Amino acid sequence: MSSVATRAGPSKSWISLVVLSVVAFGIAPAAAQSPPWLDPALLPAAKAEGSLVVYSSTNEQEGLPLFKMFTDATGIKVDYVRASDAILMSRMAIEFRADQRSYDVLHTGTINKMPPQMLAAFEPTEATNISADARDPSKRWYGVYTNYNAPAYNTDKVKATELPKSYEEFARRKEWAGKVAIDGTDNEWLKAILQHYGEQKGIELVKNIVAALKPVVTDGHLAMARATGAGEYWISLNNYVNLTLNVKLGGGPIDLWALDPVTLMFGQVGVNAKAPHPNAARLAANFMLSQECQQFLAKFGRLPTRNDVASNPPGIVDLLTQKKVITVLMTPGEERKWQRQFDQLFRGR
């Protein structure tokens, strides 16, 4: 059972934050064997701390039942604070400067962009089971799921035989003008395009696509996936594959296809350097790298960082990795540079 409450934020910009408490009532039946992620060296101290605060950009439909699994296994109460990456990054920066011990665990796709002093270095036991490129060399974040990027299409509006076989072909589909969307923060995708094609050719290619398709610049990758599945847009020029799959698994007429290059980032977990519950935080991070957690997230189309967890539907990772995969992990300065270039190309500013 879970309870939902709204925590008052320190400013109006945070009023939209949804704060949810994940609480298990009663005593769970004793398991025959403890799950591998339940680190016996951490569990007593974590249980003594008694609670955990999670900041996450993952929607509540996934986040609440996921952390209920953690609560059921440990008895540790979880407060789940859900907001966009941008809002969370701003909030955490202010709290860090004010020396506030406000949250324990962060789960977003932007942890690699945070100043290292805001994050604790740690080495969870389950980290050995995830792919090497999903482990931060400084041990401040770990990949909970892979965030591949690829175009998507509404299967009621576009036939699979009509799909471009390269990004160059997009510029020849003028009949799709105004029916194509891209998220306004896809600077990682832009960097991968220019890295793959070379700067001069890549910029020319993107300019040709913008001129031919007049893509709508949207706000929010999940909203764009849902809008494409609803037929508002026929094509997503690029989107996070797990969100396309999320809509497809929900019955939407949407699918993806892979083109060179496939951009790769990670949904990451990190621990606050000023965590009020540091042992519970490390235990929760270990849980998020576990087979149990990643199998649960795969039900929603998220693609695992573990080799012992299958994608849903099967074969998606194999489909994507047949193409040229470019991992993009940027610093804040690099992100600002590439976002300016994205805005110049797609917004004309």
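**Close-up views of a predicted model**

**View 1. Helix H2 passes helix H9 in a right-handed crossing.** The structure shown in this and the following views is a predicted model. Helix H2 comprises residues 60-74 and helix H9 residues 278-288; their axes come within 11 Å and cross at roughly 120°. The two helices are therefore oblique to each other. On the H2 side, the contact is formed by Leu66, Phe67, Met69, Phe70 and Thr74, and on the H9 side by Ala280, Leu283, Ala284, Phe287 and Met288. By class, nine residues of this contact are nonpolar, one is polar and none is charged.

**View 2. Helices H7 and H8 meet in a right-handed crossing.** The axes of these helices approach within 9 Å, with a crossing angle of roughly 45°. H7 and H8 are therefore oblique to each other. From H7, the residues His221, Leu222, Ala225, Arg226 and Gly229 meet Leu243, Thr244, Asn246 and Val247 of H8. The contact of H7 with H8 consists of four nonpolar, four polar and one charged residues.

**View 3. Helix H6 crosses helix H12 at roughly 40°.** H6 spans residues 199-213, and its axis comes within 9 Å of that of H12. This angle makes H6 oblique to H12. Ile203, Val206, Lys207 and Val210 are the contributions of H6 to the contact, while H12 supplies Gln341, Leu345 and Phe346. Five of the residues in the contact of H6 with H12 are nonpolar, one is polar and one is charged.

**View 4. The largest pocket has a volume of about 990 Å³.** Its lining is made up of 35 residues, and those nearest the centre of the pocket are Ser84, Asp85, Thr185, His221 and Tyr240. Several helices give two or more residues to this lining, among them H3 (85-97), H5 (187-197), H7 (221-230), H8 (241-249) and H12 (332-346). Strands S6 (142-154) and S11 (262-271) also give two or more residues each. The lining of the largest pocket divides into 10 nonpolar, 15 polar and 10 charged residues. His221, one of the residues nearest the pocket centre, also belongs to the contact of H7 with H8 shown in View 2.

**View 5. The structure holds two cavities of 30 Å³ or more.** The largest cavity encloses about 40 Å³ of space. It is lined by Met92, Glu95, Phe96, Gln100, Ser102, Tyr103, Met118 and Asn272. In this lining, four residues are nonpolar, three are polar and one is charged. The second largest cavity contains about 30 Å³ of space. Gly109, Asn112, Lys113, Glu188, Met265, Val328, Leu329 and Met330 form the lining of the second largest cavity. These divide into four nonpolar, two polar and two charged residues.

**View 6. Glutamine 117 lies in the loop between strand S5 (105-108) and strand S6.** Leaving aside residues up to four places away in sequence, glutamine 117 touches Phe96 and Ala273. The C-alpha atom of glutamine 117 is separated by 9.2 Å from that of asparagine 272, although the two residues are 155 residues apart along the chain. Phe96 and Asn272 also appear in the lining of the largest cavity, shown in View 5.

**View 7. Two loops carry a cis peptide bond ahead of a proline, namely proline 261 and proline 313.** The bond from aspartate 260 to proline 261 is cis, with omega near -5°. Proline 261 is placed in the loop between strand S10 (254-256) and strand S11. The bond from asparagine 312 to proline 313 is likewise cis, with omega near 0°. Proline 313 occupies the loop between strand S12 (303-304) and helix H11 (316-321).

**View 8. Aspartate 99 has a positive phi of about 60°.** Aspartate 99 adopts this value although it is not a glycine. Its place is in the loop between helix H3 and strand S5. H3 is also among the elements that give two or more residues to the lining of the largest pocket, shown in View 4.

Technical notes:
Residues numbered from 1 in each chain as written. Predicted model: local features only at pLDDT ≥ 70, side-chain atom pairs only at ≥ 80, totals over all residues. Heavy atoms only, no water. Axes fitted to C-alpha atoms, helices over the stretch in contact; angles between N-to-C directions. Parallel < 35°, antiparallel > 145°, perpendicular 65-115°, else oblique. Left-handed = near helix turned anticlockwise from the far one by under 90°. Contact = heavy atoms within 4.5 Å. Nonpolar A, V, L, I, M, F, W, Y, C, P; charged D, E, K, R; others polar. 1 Å grid on protein atoms, 1.4 Å probe; cavity = no way out; pocket = protein on both sides within 12 Å on 5 of 7 lines; lining within 4 Å. Points joined across faces, edges and corners; volume = space filled by probe spheres on them.
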